[in-house]
Amino acid sequence: MKILAEQKSSNENRVILVKRTIPNSDLEREEYLFQELRELVKAAGYLPVGELKQTRYPDSKYQLGRGKIEELAELVRDTGADKVIFYNRLSTTQLFNISEVCKCQVIDKFQLILEIFAKRATTHRSKLQVELAKLRYEVPRARAVVSLLKKEERPGFMGLGDYEDSYEQDLKKRIVRIESELGSAEKDDESLRDLRHRRGFSLISLAGYTNAGKSTLFNAIVDESVETKDMLFTTLIPMTRALDLGGRKALLTDTVGFIEDLPHWLVDAFKSTLDEIFLSDLILLVVDVSEKPEMILQKLSTAHDTLWDRIQGVPIVTVFNKADLVDESELDGILEKIGYMAPNPVFISAKEGTGMAALKVEILKHLPPWCFCSLSLPNSEKGMSVLSWLYEEGVVHRVEFKERILVDYEARAEIINRAHALLEPQQQT
Amino acid sequence: MWDIIAVDISGRHRIKGGYYMVCAAAALTVSASYIEKVKQIKILPLWLKRAPSLLDIVQLIEDTADQLSFEGTIVAEKGDMYNKPSWMTESMFSRAFKYQESIAERRSIELVHHISLSARNLLINELQIEA
């Protein structure tokens, strides 16, 4: 009985992967994209039992050719698969037609990504985000699916008469509710970011293609134990920790990875997560250097595409991770090939912890500059409290306790202005 | 540092009597994230009675880039080339061509976009073209 149950559970996860490629496309790249689909499927916990590829221009009814779809239906019957996963984006009609022929559930890459997100979402907010993304995906399909299913039941000639579309209305209402709830969460985030800025923290975020090793780097640099796996989308909820840069305090945030052609509605749904990246003072763009240069270029281009519109002016440090997997003599050659896409490159190995010092130096170089000043505080209780505040907000280089307290101090310009403002009335008395 | 020629075309929508387009090209030296040097800028207006085809666009970009006395890879937005795949557009130009990728290239495109847009606005005003 137990074996049967196990078989059933693995049977439930059986899937067939399908990809259509356009003629004349780069074979190696297409294979890589297919590999990415396999990785996604693995991350979603499915067991692939078959693969199907076709090279042709899209068919409006079935995406693949009619004959290939029949072949697919046969494959589904033979393998007993429960799901067919397409790499290409499917229209509602295509989804409907293919599932009619194959007699099983059909999803595309975007739905697969949503499934992964739904699986990983643990906080209330990330659950809302996933639901919002799902609903947005569903809305244009809801009306079409209902109309396709109920074509014959509809009143009027050819079913064009009035029919209540309450399903779509329900979805829209739910979207508005979630949006307003997420909106208020965003405001909380904004004020939190403001507070952190006021407290003298610089905000740094880790960005990069999925599975580049962002979380491993995060763990290595802040000495934390965030879950890391050789799997796509391990991190979904941003995680923030303090980072000590030789006296200067910064907050480092680990974020969700990018993926090629991530559609806009998905990016929008995770806006509050990505805001962590867009609104930081510095972005560490993590890249897996052990891959082929062409692949690195492609991934960098995807990252720049996602970032460019929103980060106006935020400096980027390109962190080449997994440098231990590459021969040292090759690093220069790689850099020459991809240098034009990689601002401020640093080579590290997060796993082995090498290159961390160089990375910290590079980070310090690009953070908003701190000002240096000499202050003179009254040697009183109030002066001492100002001094302890100064210690909290920046770096005190030298203190001399005489008639007055003389301090050589380095901090953000705002902090120094505030210190002056605090001291002025005292100096007048 | 790399030498590029950033190009952008404004006015690819129909106005009274046809299409009045202005192409701007700038010869630049860029690093990965910044424009390091602006060496020369040229603009070229073009009147077309019919909607511009891909070949018209290629010709316009080539003509504008030819006015520059510096060499470099032509960098343009994918949308300017009707979102055609890069292998196709690369083969249509007489010199090296690519779509924008790095931060600096995107900045450069932004720069030439402002140039072509304001040049077109100015020309439309001065020549009293009915938009």
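These are my notebook entries on a predicted model, going through chain A, its contact with chain B, and a sheet in chain B.

**Helices 11 and 12, chain A**

I started with the pair formed by helix 11 (residues 293-308) and helix 12 (residues 328-338) of chain A. Their axes come within 10 Å and cross at roughly 45 degrees. That angle falls between 35 and 65 degrees, so I call helix 11 of chain A oblique to helix 12 of chain A. I also looked up the hand of the crossing of helix 11 and helix 12 of chain A, and it is right-handed. On the helix 11 side of chain A, the contact uses P293(A), I296(A), L297(A) and L300(A). Helix 12 of chain A brings I334(A), K337(A) and I338(A). I sorted the residues of this contact by type: six are nonpolar, one is charged and none is polar.

The spacing on helix 11 of chain A made me recall a general point. An α-helix has 3.6 residues a turn, so residues three or four places apart point the same way.

**The loop before helix 11, chain A**

Next I checked S290(A), which sits in the loop between strand 8 and helix 11 of chain A. I find 17 C-beta neighbours inside 10 Å, so S290(A) counts as partly exposed. Leaving out its neighbours within four places in sequence, I get contacts of S290(A) with K322(A), L325(A) and V326(A). The C-alpha atoms of S290(A) and L325(A) are separated by 5.9 Å, though the two residues are 35 apart along the chain.

**Where chain A meets chain B**

I then went to the interface, where nine residues of chain A are in contact with seven residues of chain B. Helix 11 of chain A turns up again here: it gives the largest share of the chain A side, three residues. By type, the chain A side has six nonpolar residues, three polar and no charged.

**Helix 8, chain A**

Buried or exposed? I asked this of helix 8 (residues 214-222) of chain A and found it mostly covered, with seven of its nine residues buried. The buried ones are K214(A), S215(A), T216(A), L217(A), F218(A), A220(A) and I221(A). I looked up what covers them, and the cover includes strand 5 (202-208), strand 6 (239-245), strand 7 (248-254), strand 8 (282-288), strand 9 (316-321) and helix 13 (356-366) of chain A. Just past the end of helix 8 of chain A, I noted that D223(A) has a positive phi of about 60 degrees.

**Strands 12 and 13, chain A**

Strand 12 (residues 395-401) of chain A is hardly covered: I count zero buried among its seven residues. Strand 12 pairs antiparallel with strand 13 (residues 404-411) of chain A over six bridges. The two form a hairpin with two residues between them. Within the pairing, R398(A) stands opposite D408(A) of strand 13 of chain A.

**The sheet in chain B**

I finished with an open sheet of five strands in chain B, ordered 3-2-1-4-5, with mixed pairing. Strand 3 (35-48) and strand 5 (97-99) of chain B are at the edges with a single partner strand each, so one side of each has no neighbour in the sheet. On average, neighbouring strands of this sheet are turned by 25 degrees against each other, direction ignored. Strand 2 (residues 19-30) and strand 3 of chain B run antiparallel and are joined by 12 bridges. One bridge I looked up there pairs M21(B) with L46(B) of strand 3 of chain B. Helix 3 (residues 103-126) of chain B lies across strand 1 (2-10), strand 2, strand 3 and strand 4 (73-76) of chain B, and I get about 145 degrees between helix 3 and strand 2 of chain B.

Methods:
Residues are numbered from 1 along each chain as its sequence is written. Chains are lettered from A and ligands numbered from 1 in the order in which they are written. This is a predicted model: local features need pLDDT of at least 70, side-chain atom pairs count only at pLDDT 80 or more; totals for chains, interfaces and linings use all residues. Axes are lines fitted to C-alpha atoms, for helices over the stretch in contact, and angles run from 0 to 180 degrees between N-to-C directions. Helices (H or I, at least four residues) and strands (E, at least two) are DSSP runs, numbered from the N terminus. Angles under 35 degrees count as roughly parallel, over 145 as roughly antiparallel, 65 to 115 as roughly perpendicular and the rest as oblique. A crossing is left-handed if the near helix is turned anticlockwise from the far one by less than a right angle, and right-handed if clockwise. Two residues are in contact if their C-beta atoms, placed from the backbone, lie within 7 Å. Ala, Val, Leu, Ile, Met, Phe, Trp, Tyr, Cys and Pro count as nonpolar, Asp, Glu, Lys and Arg as charged, and the others, Gly among them, as polar. A residue is buried if 20 or more other C-beta atoms lie within 10 Å of its own, exposed if 12 or fewer, and partly exposed in between; C-beta atoms are placed from the backbone. Two strands pair if DSSP finds at least two bridges between them.
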